[in-house]
Amino acid sequence: MGELAFRNITKRFDKTEVLRHIDFQIEDGEFVVIVGPSGCGKSTLLRIAAGLEDQSEGQVIIGGTDVSLAPPAKRAIAMVFQSYALYPHLTVEGNMSLGLKQARTPKDVIKERIAEATRILALEPYLKRKPGQLSGGQRQRVAIGRAISRHPQVFLFDEPLSNLDAALRDQVRMEIADLHRRLGATMLYVTHDQVEAMTLADRIVVMHDGVVQQIGTPRELYKTPANTFVAGFIGSPRMNMFQGQANSGVIRAPGLPPLPLPEGTALSGPVTVGLRANGLDLHPAPGAGADTSEVVDIDYLGNVCYLRLTLPDDATMVVEQRPDHPFSLGDHVTVTVQPEEVHLFDPEGLRI
């Protein structure tokens, strides 16, 4: 079984804690993506799972076995790096078979596994080529094929698409998703790219400053972020945030119309209002006024447009519009809010 569990993992470099009490489990066959900004500890956690880094406290459990002290070769894992890590003097076939030879795997088993991996990844035409004769996407597929041939319990991916251009990134991302469907294998994938996280993951682990902020499905993280960090990190463009005051059942925030508190919510005092770009509506205004905003930027993306507005208090917000919207730069507009799209957070940034 390919379960992977982190039990109270803490990592210190001297007196600096880079991971703090990480505790979650990945089920057999599950695709989990760890996402977060640079320096949040996600790659360190992956390296701890692989045995390339020692934890200061806690346990790593794979398939029900505590492997906290086991070397990488004894952990039934295979890792795919962002740098491919291919031997330039070996052919594709040589790179994919080297680990199996070193493990003294029988020749007929090596041949069978290489054939299986090359068939899955459509690498048959390239078996006799060396890495220098391959494109970046083909090299990454070879690195993935090398991992497949080991028949691991758990696949570990360390930002495998970061060195590819946009078109290749999309292609290889789809290949990884298809690979997971075919193999039904347990996969732990680290990235800073939320598009990769949202499109690949069964569940996403959001990290910040060495702490897990929230774990959930892509939909759960987008619809019900646990705090302002997750709300701002998940979703593109970022969620609009406004500082307001709740009083007498109404929230007032500069640049927004009065917002009624959700039914059954007793709240007074400072509150952060979160609004995604698609939770706002725009209406033409005859001119500048205390309750109007100005269109200062328009990003046209083909099937959607994002308009950036300046509000009366010089704050800004981003609003999603159809590509045939009627607005131009310099237009004055009024904003209305879709009540069901309002996210509320307390002064500590936690979801209300």
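# Exercises on a predicted model

The structure holds 5 aromatic pairs. The model is a predicted one.

## Exercise 1. Aromatic rings

Describe the pair formed by F31 and Y189, and determine how its geometry is classified.

Solution.

Step 1. A pair of aromatic rings is described by the distance of the centres and the angle of the planes. For F31 and Y189 the centres are 5.9 Å apart and the planes make an angle of 45°.

Step 2. Planes under 30 degrees apart count as stacked and those over 60 as edge-to-face, with the rest called tilted. The pair of F31 and Y189 is therefore tilted.

Step 3. Next, the two residues are located in the chain. F31 belongs to strand β3 (residues 31-35) and Y189 to strand β8 (residues 186-191); the pair links distant parts of the chain, 158 residues apart. Both F31 and Y189 are buried.

Step 4. The rings also belong to a group: F31, F155, F157 and Y189 form one aromatic cluster.

## Exercise 2. A pair within one helix

Classify the pair formed by F229 and F233, and state where the two residues lie.

Solution.

Step 1. The ring centres of F229 and F233 are 5.6 Å apart, with 15° between the planes. Because planes under 30 degrees apart count as stacked, this pair of F229 and F233 is stacked.

Step 2. Helix α8 (residues 228-233) contains both F229 and F233, 4 residues apart, which is about one turn of the helix.

Step 3. Is F233 buried or exposed? Its relative accessible area is 16%, and buried means under 20%, so F233 is buried.

## Exercise 3. The sheet

Give the strand order of the open sheet and identify its edge strands.

Solution.

Step 1. The open sheet is formed by 6 strands in the order β6-β7-β8-β3-β9-β10, and the pairing is mixed.

Step 2. The edge strands, β6 (77-80) and β10 (211-216), each pair on one side only. From one strand to the next, the twist averages 20°.

Step 3. Strands of a sheet pair through backbone hydrogen bonds, either parallel or antiparallel. Here β3 and strand β9 (residues 203-208) run parallel and are joined by 4 bridges. V35 stands opposite V206 in β9.

Step 4. Helices pack on this sheet. Helix α4 touches β6 and β7 (154-158), and its direction makes about 175° with that of β6. Helix α5 (residues 166-183) touches β3, β7 and β8, and its direction makes about 165° with that of β8.

## Exercise 4. The surroundings of H180

Determine whether H180 is buried or exposed, and list the residues that it touches.

Solution.

Step 1. H180 is found in helix α5. Its relative accessible area is 12%; since buried means under 20%, H180 is buried.

Step 2. Not counting residues up to four places away in sequence, H180 touches G29, E30, F31, A185, M187 and D202.

Step 3. One of these, E30, is 150 residues from H180 along the chain, yet their C-alpha atoms are separated by 8.8 Å.

## Exercise 5. Helix α2

Which residues of helix α2 (residues 92-102) are buried, and what covers them?

Solution.

Step 1. The buried residues in helix α2 are V92, G94, N95, M96, S97 and L100.

Step 2. The cover over these buried residues includes α3 (107-121) and α4 (136-149).

Step 3. Just after α2, R104 takes a positive phi of about 60°.

How values were computed
Residues numbered from 1 in each chain as written. Predicted model: local features only at pLDDT ≥ 70, side-chain atom pairs only at ≥ 80, totals over all residues. Heavy atoms only, no water. Phe/Tyr/Trp six-rings, centres within 6.5 Å; stacked < 30°, edge-to-face > 60°. Buried < 20%, exposed > 50% of the residue type's maximum accessible area, 1.4 Å probe, protein only. Contact = heavy atoms within 4.5 Å. Pairing = 2+ DSSP bridges. Axes fitted to C-alpha atoms, helices over the stretch in contact; angles between N-to-C directions.
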